[in-house]
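Work through the exercises below with the sequence and the 3D view open side by side. Try each task before reading the solution that comes after it.

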Amino acid sequence: MNEDQILENLDEEIPESSSDLVVVSEILPDKLIVIPVAPRPVFPHLMIPLTLSGQYFVEAVKSAYEREDRMFGVVLVKNEDEKDFLKSELYHVGTVMKIYKYLQVSESVIQVFAQGLERFEYVRTLKQTPLMLWEVKYHYDPLLKPDEHLRAYLMSVMTSVKELLKTNQLIQEQVKLALAQMSYDKPGAIVDLVATILSAEPEKLQDMLETFDIHERIEKLLILLREELEVARLQEKIQQEIEEKISKQQKEFFLREQLKVIKRELGLEKDDKQQEIERFESRIKELKLTDEASIVIRDELTKMNMMDSSSPEYHVTRNYLNELTSLPWGIYTNDNQDIREARKVLDHDHYGLQDVKERILEFIGTVIKKGTVSGSIICLVGPPGVGKTSVGRSIAGAMNRKFFRFSVGGMRDEAEIKGHRRTYIGAMPGKMIQCLKRTGSANPVIMLDEIDKIGMSYQGDPASALLEVLDPEQNKDFLDHYLDVRFDLSKVLFITTANQLDTIPGPLLDRMEIISLSGYIRQEKVEIAKRYLVPKQMEYHGLTHSDLVISDKALEKIIEDYAREAGVRGLENQIKKIMRKVTLDIVERKKGAVRVTLQNLEHYLGKAVFSPETLYERIIPGVTLGLAWTAMGGATLYIEASALKSEGGGFKQTGQLGNVMRESTEIAYSYVQSFLEKNTNDEVASFFKKHFVHLHVPAGATPKDGPSAGITMALALYSLATGVPIRPGLAMTGELTLTGKVLPIGGVREKTIAARRVGVFDLIFPKENKKDFEELPAYVRKGINARFVDYFEEVLKIAFDNIDKK
């Protein structure tokens, strides 16, 4: 129930004038039930409605109403108790009220209509519970007529109130009506009425209530009125500025709209919607649309023409048409038909990689002869920094096609590939359609980088979505969820890159043609640094050949001791480091030409990062050198075996070995034990029964796995048992079975390069890998003495100069 309804219900009981409410002779009680109020004090001489919530207030109002005088006191809360409002600290001056009617809205809510009579001051507390009862004394305003001095004060108050009313239309009528009933004979009533309409802080209003002297009270009121007027004028100024801005904007809007209508009537301009439609139609004329796309675009244009431009659906349709007409329907770049030019581009961009470039040229030759890519997908596999991305860019350059690259590493949402449905807010096409839009060609070269690191989540499997994209039989009718119109991707050449093939899903790998980039040998890295890396970084750092020269020996030292990886990214980082130090020297110390040599290389790069891989000055029994393949390229690793006398034997392995490699150690242990029992004397044959054997692969912090160290571990165990060290400068790789058969392994090129890198040239490979070794470029095989074995006995003949078979 609102205040108006309360007033209507009380009409019958409210006296017609304030003079009838309280007679002068009425005696005010010296004991009052007290009700705390917030956030403003209540002033005397006013008839006001109060809405009170809480069981205490309901009981207090009812008790006061049952008294003969129907009076209670209201006091402003000074410091509110957040936990219990009734325990709050109260001011000591309040207003005595007389109840005329109350209405209980609910069990804990009561509405009261009462009149403020006089100020009272706290004397003492008579009762705290169940109802607060105070003994009070009253401060009456004098009934004398005001003198000229007081009258002047009152006139100043009235003038200020009139100014205030001009700025606040809401309280104008009610204040005018109340003031009309007042006279200068009651200055206290006038002051209290004016104080009620102020929006000052509660503390200042309470101070007014506690000011008993009428002259002092009027002075405080004038100060508050002045502050109120300043605030009101500032609000009016702010409001006026806002209205002026709005009026100006509205005026400009109406003028622009009128100008548009005039221009449209004169044929000088068309509306925005018509311009959009004409823009789409002009695009369509330049495209060779499929029948399906043409029907969809025409239908959307018709729908757009019938829509209001302010409709939300209009913007959805406009964006959809914009995507459809921005695609290169039937727009193709002309492929390079000169294979010599293609070879020239590849040779210019890359040094070495002859086998890779031959494979690429074979592919380009097929494209030139047939006139289409034949749906082939190239997968460039190799360790980081070998140039997979730059090879893809060179393929695009050699074929004279547009190139676009994006990474799918970590991608978890299949909508990234196939787009979002238009039912979603902010929907957009997938990456494939965006690539075509960016390149402006329907036959670009698109590189999908890091395809071995693609993810999967509850939002879908991007690898499965790529199956349609990379399948030549399906991508000619590729359907993006956003476009919902088929687009031919069969003319697109897709190139993917990966560091390893193990994590690529089988069905996806099956659609690709694998080209391996194994890494570079030292001579290749030196040439790459001289031809590409050094000039590139010199230009980037603002240096010229007169400022810096790096000798070939220094480059070789950097490659051997600071950047011993398969690719050249680490080498480039070391060259950057040299460039930065040289630049600082030139700028800070005004140095002239700088020459980096073997002697001063350590000054620029610090101590060598890598030490020679020869852990042993002499090979001891139980130690062998193996060849391994990692995602970073080829590597060499030592296998160590030692024995401790122990009846009953035993065997353990360390070096953070994976499950497959751990099984290989057990196979090697079982095979060597069996082999020794059959082919040696009793003392050697019983070695494993009398010794606890410990097999370790150094670099224990590096995880290792794979079966290709089988013969290396078996040879280490054989050497330990016989006490004979193997021939120095020998490295090997091959999987071993329980019967001694040596099975083929992968990564022949990477392992060969790793052996060359550490200066080991006598290698043992499985017999079935002979063809892989012979396919290696001549410069990789040069100087390598490769032996090919079929059984472990052949390994023993190579590893030991003289084997005493007893």
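The exercises go from the whole chain to helix pairs, cores and single residues, and the model they use is a predicted one.

**Exercise 1. The chain as a whole**

Find how many helices and strands the chain has, and what percentage of its residues count as buried.

Solution. Begin with the secondary structure, where the chain shows 29 helices and 25 strands. Then turn to accessibility: the chain has 806 residues, and 46% of them count as buried. As a last step, look at the contacts in the chain with a separation of 6 or more, of which 73% are accounted for by residues 24 or more positions apart.

**Exercise 2. Helix 9 and helix 10**

Decide how helix 9 and helix 10 are oriented to each other, and list the residues that make their contact.

Solution. Locate helix 9 at residues 291–306 and helix 10 at residues 312–326, which pack at an angle of about 150° with their axes 10 Å apart. Angles over 145 degrees count as roughly antiparallel, and helix 9 and helix 10 are therefore roughly antiparallel to each other. The crossing of these two helices is left-handed. On the side of helix 9, the contact is made by Val296, Ile297, Glu300, Leu301, Lys303 and Met304, while helix 10 contributes Glu313, Tyr314, Thr317, Arg318, Tyr320, Leu321, Leu324 and Thr325. Sorted by class, the contact of helix 9 with helix 10 has 8 nonpolar, 2 polar and 4 charged residues.

**Exercise 3. Helix 25 and helix 29**

Carry out the steps of the previous exercise for helix 25 and helix 29, and state the angle at which they pack.

Solution. Helix 25 covers residues 710–722 and helix 29 covers residues 792–799; they pack at an angle of about 60°, and their axes are 11 Å apart. That angle makes helix 25 oblique to helix 29. The crossing of helix 25 and helix 29 is right-handed. Helix 25 makes the contact through Ile711, Ala714, Leu715 and Tyr718, and helix 29 through Phe792, Val795, Leu796 and Ala799. The residues of the contact between helix 25 and helix 29 comprise 8 nonpolar, no polar and no charged ones.

**Exercise 4. Nonpolar cores and a covered helix**

Identify which residues of the largest nonpolar core touch the most other members, and then find which residues of helix 16 are buried.

Solution. The largest nonpolar core has 67 residues, and those that touch the most other members are Phe72, Ile218 and Leu221. Leaving aside residues up to four places away in sequence, Phe72 touches Leu32, Ile33, Ile35, Leu50, Ala64, Thr95, Val96, Met97, Ile99 and Ala114. Apart from this core lies another, of 52 residues, which includes Val386, Tyr520, Val568 and Val582. Moving on to helix 16, at residues 462–470, one finds that it is mostly covered, with 7 of its 9 residues buried. The buried residues of helix 16 are Pro462, Ala463, Ala465, Leu466, Glu468, Val469 and Leu470.

**Exercise 5. Two buried residues**

Determine where Gln206 lies and which residues it touches, and then place Met71.

Solution. Gln206 belongs to helix 6, residues 202–210, and it is buried, with a relative accessible area of 1%. Not counting residues up to four places away in sequence, Gln206 touches Pro41, Leu76, Tyr91 and Val93. Gln206 and Val93 are 113 residues apart along the chain, yet their C-alpha atoms are separated by 8.2 Å. Met71, in turn, is found in strand 3, residues 71–79, and counts as buried at 0% relative accessibility. The C-alpha atoms of Met71 and Leu117, 46 residues apart along the chain, are separated by 9.5 Å.

**Exercise 6. Backbone details in loops**

Examine the peptide bonds leading to Pro39 and Pro130, and then consider phi of Asn400 and of Glu450.

Solution. Ala38 and Pro39 are joined by a cis peptide bond with omega about 5°, and Pro39 is placed in the loop between strand 1 and strand 2. The peptide bond from Thr129 to Pro130 is also cis, with omega near -5°, and Pro130 is in the loop between strand 6 and strand 7. Asn400 is not a glycine, but it has a positive phi of about 60°; it is found in the loop between helix 13 and strand 9, and counts as partly exposed at 48% relative accessibility. Glu450 has a positive phi near 55°, lies in the loop between strand 10 and helix 16, and is partly exposed, with a relative accessible area of 26%.

Note on methods: Residues numbered from 1 in each chain as written. Predicted model: local features only at pLDDT ≥ 70, side-chain atom pairs only at ≥ 80, totals over all residues. Heavy atoms only, no water. Axes fitted to C-alpha atoms, helices over the stretch in contact; angles between N-to-C directions. Helix = DSSP H or I, 4+ residues; strand = E, 2+ residues; numbered from the N terminus. Parallel < 35°, antiparallel > 145°, perpendicular 65-115°, else oblique. Left-handed = near helix turned anticlockwise from the far one by under 90°. Contact = heavy atoms within 4.5 Å. Nonpolar A, V, L, I, M, F, W, Y, C, P; charged D, E, K, R; others polar. Core = buried A, V, L, I, M, F, W, Y, C linked by side-chain atoms within 4.5 Å. Buried < 20%, exposed > 50% of the residue type's maximum accessible area, 1.4 Å probe, protein only.
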